[in-house]
Amino acid sequence: MKIDRQNKPQLDQYQKLKWLIFFRGLFAAVLLGSAVFVGFHENRPFFSQPLIFICYIAVALLILSALYAFILPRLFKFVRFGYIQIFIDSLLITCIIFVTGSFSSIFSFLYLVVIIYAGMVLSRSGGMFIAFCCSVQYGVLIALEFQGVIYPVGVEVDFIFRNYNWNYVLYKLFITIVACFGVAFLSGFLAEQERRAKKELWAMEDQVKRVEKLAAIGEMASGLAHEIKNPLASLSGSIQFLREDIPYDPDRDRLMDIILREADRLTALVNDFLMFAKPQPGQTKIVELDVALEEIINVFTTDNRRNKRINVTQQLAEGIFIEIDPEHLRQVVWNLLLNADEAIESEGQIDIKMYPVDKIYVCITISDNGCGMTEETMESIFDPFFTAKPKGTGLGLSIVQRIITSYNGLIDVQSSPEKGTTFNVKFRREINSRPVSASGSV
Ligand code: ADP
Ligand code: MG
């Protein structure tokens with residue numbers, strides 16, 4: 001299988017398994033080398049126990065490592081492969097412990113090593129699973145040895161039975177098992193932290209990439225959009241001119257209507273796009289918010305079609321000022337009102353409120369009892385070109401957000417399907433412009 005470089009979690013898993021295979025191979029080589037070295041150094045016959053068994057295990061590990069390295073790039077399900085590898089490791093560790101004295105082996109710490117990397121590679125539940133496997137294997141090994149069913153290599157028969165009582169054996173077993181689960185818990189916890197940090201980092205990287213891409217595309221596309229605007233204007237002008245000039249024909253008139261309507265739609269799209277891709281720096285003024293909002297709401301409600309199906313209520317606090325380009329304020333409120341309108345299928349209600357939050361912020365709330373949104377939709381509504389409407393552009397809320405953040409404002413949304421949606425927009429107040437009464441209170 002070809003690794004998908006864009007799929008970062010998968011790539012991360014692949015890299016971890018690659019390193020695991022490498023270190024396992026290295027460990028096997030060191031184990032083999034040290035067994036051979038001890039064999040020669042102590043002048044033992046090479047095929048004496050337990051050296052020869054350690055050599056067998058090391059060679060088995062080397063062969064397995066080569067096999068894993070061969071299989072890994074051809075795989076898709078890395079997690080399952082990780083489980084299999086690490087489970088086999090735990091079996092081999094049990095073999096090493098068995099050939100080096102079982103209960104008296106100094107290699108029982110290797111279980112902890114396996115559990116640590118299980119936690120890192122397989123996550124917390126993987127670490128716990130391997131801790132469970134190691135505990136069972138060690139417990140069975142010791143129990144069988146104590147019962148005299150198996151005899152560890154290189155240790156006198158009945159060694160454990162004669163030297164330790166069952167309570168002591170149980171105690172050591174208990175400590176080992178507690179250590180296994182403790183280490184699994186800790187390594188899983190650390191791995192979880194690392195995974196979370198990585199996830200955040202990846203999300204940030206993606207965001208930066210998106211912004212860079214958008215900036216580049218925006219630069220190019222805004223040039224193109226400007227070029228589209230002029231011919232479009234000539235097109236609409238010419239059609240209107242023709243319409244007045246030629247004799248009336250209902251069929252032709254309908255076609256011209258379509259051309260004009262589509263040209264208008266295209267112009268609106270190009271304008272929206274320009275607003276989003278290359279917003280013009282605004283000319284800010286101190287605006288009396290209730291007056292400005294009332295004007296926008298009046299234009300909105302005078303539309304006849306809307307008037308009949310939607311009941312608009314407003315509750316606006318007086319004497320609140322903000323510093324903003326009035327055109328930007330209009331754009332924000334208009335886009336939110338338009339969305340509320342489009343969310344209401346037949347008849348419904350839109351409530352507009354404006355009230356001071358505290359001394360710093362003022363909040364504009366626009367609620368509708370329209371179709372609402374699912375959690376999933378809500379995650380994407382501020383993305384450019386995200387739309388759930390057949391004729392939507394998906395630019396309305398992107399523009400709203402862009403404008404609001406450029407004034408250090410905030411926007412949030414609450415919505416539930418079939419019940420309705422509320423958008424809250426917070427702007428910084430212009431306190432100094434508030435009229436101060438004679439008593440000094442505001
Ligand atoms: P457009 O209106 O062109 O689809 P917007 O950016 O304005 O683009 O909105 C994006 C999407 O957010 C909409 O398609 C709609 O699904 C959802 N949305 C926005 N406002 C509301 C609302 N008041 N009620 C329900 N859904 C909404
Ligand atoms: Mg919209």
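**Close-up views of a predicted model**

**View 1. The N-terminal end of helix H7 is capped by Asp249.** In this predicted model, a side-chain oxygen of Asp249 lies 3.0 Å from the backbone nitrogen of Asp251. The contact sits at the N-terminal end of H7, a helix that covers residues 250-277.

**View 2. Helix H7 has the span expected from its number of residues.** H7 has 28 residues, and at 1.5 Å a residue they should span 40 Å. The C-alpha atoms at the two ends are 40 Å apart, which agrees with that figure. Which residues of H7 are buried? They are Asp253, Met256, Leu260, Ala263, Val270, Phe273, Leu274, Met275, Phe276 and Ala277. A residue is called buried when its relative accessible area is under 20%.

**View 3. Ser123 has a positive phi.** Most residues other than glycine have a negative phi. Ser123 is not a glycine, yet its phi is about 80°. Ser123 is found in helix H4, which runs over residues 110-146. Is Ser123 buried or exposed? Its relative accessible area is 17%, so Ser123 is buried.

**View 4. Phe385 is another residue with a positive phi.** The phi of Phe385 is near 70°, and this residue is not a glycine either. Phe385 belongs to the loop between helix H11 (375-380) and helix H12 (396-406). Phe385 counts as partly exposed because its relative accessibility is 47%, and partly exposed covers the range between under 20% and over 50%.

**View 5. Ligand 1 makes polar contacts with Asp368, Gly396 and Leu397.** A nitrogen atom of ligand 1 lies 2.9 Å from an N or O atom in the side chain of Asp368. The contacts with the other two residues use backbone atoms of the protein. An oxygen atom of the ligand is 3.4 Å from a backbone N or O atom of Gly396, and an oxygen atom of the ligand is 2.8 Å from a polar backbone atom of Leu397. Taken alone, ligand 1 exposes 530 Å², of which the protein buries 94%.

**View 6. Ligand 1 takes up the space of the largest pocket.** Which elements give two or more residues to the shell around ligand 1? They are helix H10 (326-343), H12 and strand S7 (420-428). H10 gives the most, with four residues. In total, 20 residues surround the ligand. The closest are Asn339, Thr387, Ala388, Lys389 and Leu397.

Methods:
Residues numbered from 1 in each chain as written. Chains lettered and ligands numbered in written order. Heavy atoms only, no water. Expected span 1.5 Å × (residues − 1). Buried < 20%, exposed > 50% of the residue type's maximum accessible area, 1.4 Å probe, protein only. Polar contact = N/O pair within 3.5 Å; in protein donor to acceptor, adjacent residues only side chain to side chain. Near = heavy atom within 4 Å. Areas by Shrake-Rupley, 256 points an atom, 1.4 Å probe, with all protein chains shown as cover. 1 Å grid on protein atoms, 1.4 Å probe; cavity = no way out; pocket = protein on both sides within 12 Å on 5 of 7 lines; lining within 4 Å. Sits in = over half its atoms within 2 Å of the grid points.
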